[in-house]
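Work through the exercises below with the sequence and the model side by side, and try each task before reading its solution.

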Amino acid sequence: MKTAESFLAMHDRTDFDEPLVIPNVWDAGSARACAKAGFPALATSSAAIAASLGYEDGGGTPPDEMFAAIARIVRSVDVPVTADIENGYGLAPKEIVERLLEAGAVGCNLEDSAPQAGEVKDAQEHANWLAEVSVSAGDRIVLNARIDTFLYGDKSVESAVRRARLYIEAGADVIFPILAPAEILPDIVVCVSRPVNALWLPGGASPKDLGTLGAARVTFGAALYTRALDAALNMVER
């Protein structure tokens, strides 16, 4: 049964070199392929969905189209799906939760930056907003709080940990310090009390290695989409 509770339980590990590996998909076809390959859960990629719909990443997709795409993915597979919904598209916390549940998602990513401005939001203000999302969600949505200090901030462990602790107090179930270098991942993991999501990067540490470094969950962002697109281009250019 696809529930937030069962999805969150997948983050519990006894073997640290086997993190929960969740491929990021963008449509029903990619979702079915990854589910058929045996992955126990899927995530959407906002960047890949935006590109496939003809929009720019960073909040450019109209929310109606984004949630419709999420719903198509959810109904195409029998495994739980967590949705990347960027910084919420300006929707109120209650509406975010209602739309996620209507689409059938069991979790979501919410980021703490304003991509168009290229800066992170005030940590306490974002934590307060996350708390509203968490209260509205209850135990129905696994909240993955993305920390963007390695993207737009000072790239320090201290800043990431400070935000992680604020977001956990606000109700976050998982912490996602996107683009945190693999070598400092253990320094973050040891300081937080929730599972940590790491991003796999082409040419970087493998999912197994990221698990050994402390990541409970590994996702791929738009990497699968870009590789699929490259493969298609290679075929037609021959």
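**Exercise 1. Find what the buried residues of helix 5 pack against, and which side of the helix they occupy.**

The buried residues of helix 5 pack against helix 4 (63–76), strand 4 (81–84), strand 5 (107–111) and helix 6 (123–137), where contact means heavy atoms within 4.5 Å, and where helices (H or I, at least four residues) and strands (E, at least two) are DSSP runs numbered from the N terminus. This is a predicted model, in which local features need pLDDT of at least 70 and side-chain atom pairs count only at pLDDT 80 or more, while totals for chains, interfaces and linings use all residues. Residues are numbered from 1 along each chain as its sequence is written, and side-chain values use heavy atoms, with hydrogens and water left out.

Next, list the residues themselves: in helix 5 (residues 93–103), Pro93, Ile96, Val97, Leu100 and Ala103 are buried, the term buried standing for under 20% relative accessible area, exposed for over 50%, and partly exposed for values in between (1.4 Å probe, protein chains only). They lie on the same side of helix 5 because they cover an arc of only 130° around its axis, the arc being that of the directions from the helix axis to the C-beta atoms. In general, an α-helix has 3.6 residues a turn, so residues three or four places apart point the same way.

The last step is to turn to the face pointing away from the buried side of helix 5, which carries the exposed residues Lys94 and Glu102. Just after helix 5, glycine 104 takes a positive phi of about 95°.

**Exercise 2. Sort the residues of helix 2 into a buried face and an exposed side.**

Begin with the buried residues of helix 2 (residues 28–36), which are Ser30, Ala31 and Cys34. Seen down the axis of helix 2, these residues fall within an arc of 100°, so they line one face of the helix. This buried set packs against strand 2 (24–25), strand 3 (42–44) and helix 4, whereas Arg32 and Lys36 are exposed on the other side of helix 2.

Then look at the two ends. At the start of helix 2, a side-chain oxygen of aspartate 27 comes to within 3.3 Å of the backbone nitrogen of glycine 29, and just after the helix, glycine 38 has a positive phi of about 105°.

**Exercise 3. Describe how helix 2 and helix 4 cross, and which residues meet there.**

Two packed helices are described by the angle between their axes and the distance between the axes. For helix 2 and helix 4, the axes come within 8 Å and cross at roughly 35°; axes here are lines fitted to C-alpha atoms, for helices over the stretch in contact, and angles run from 0 to 180 degrees between N-to-C directions.

At this crossing, Ala28, Ala31 and Arg32 in helix 2 meet Arg72, Ile73 and Ser76 in helix 4. Sorted by class, the contact has three nonpolar, one polar and two charged residues, with Ala, Val, Leu, Ile, Met, Phe, Trp, Tyr, Cys and Pro counted as nonpolar, Asp, Glu, Lys and Arg as charged, and the others, Gly among them, as polar.

**Exercise 4. Locate asparagine 197 and name its side-chain partner.**

Asparagine 197 is found in strand 10 (residues 197–199), and at 0% relative accessibility this asparagine counts as buried. Its side chain makes a polar contact with the side chain of asparagine 144 (3.1 Å), a polar contact being a pair of N or O atoms within 3.5 Å of which, within protein, one must be able to donate a hydrogen and the other to accept it, with residues adjacent in sequence counting only if both atoms are side-chain atoms. Leaving aside neighbours within four places in sequence, the contacts of asparagine 197 include Val174, Phe176, Arg217 and Thr219.

**Exercise 5. Compare the settings of tyrosine 89 and leucine 179, each of which has a positive phi.**

Most residues other than glycine have a negative phi. Tyrosine 89, with a phi near 60°, is found in the loop between strand 4 and helix 5, and this tyrosine is buried, with a relative accessible area of 13%. Leucine 179 has a phi of about 70° and is found in the loop between strand 9 (174–177) and helix 8 (185–189), where it counts as partly exposed at 34% relative accessibility.
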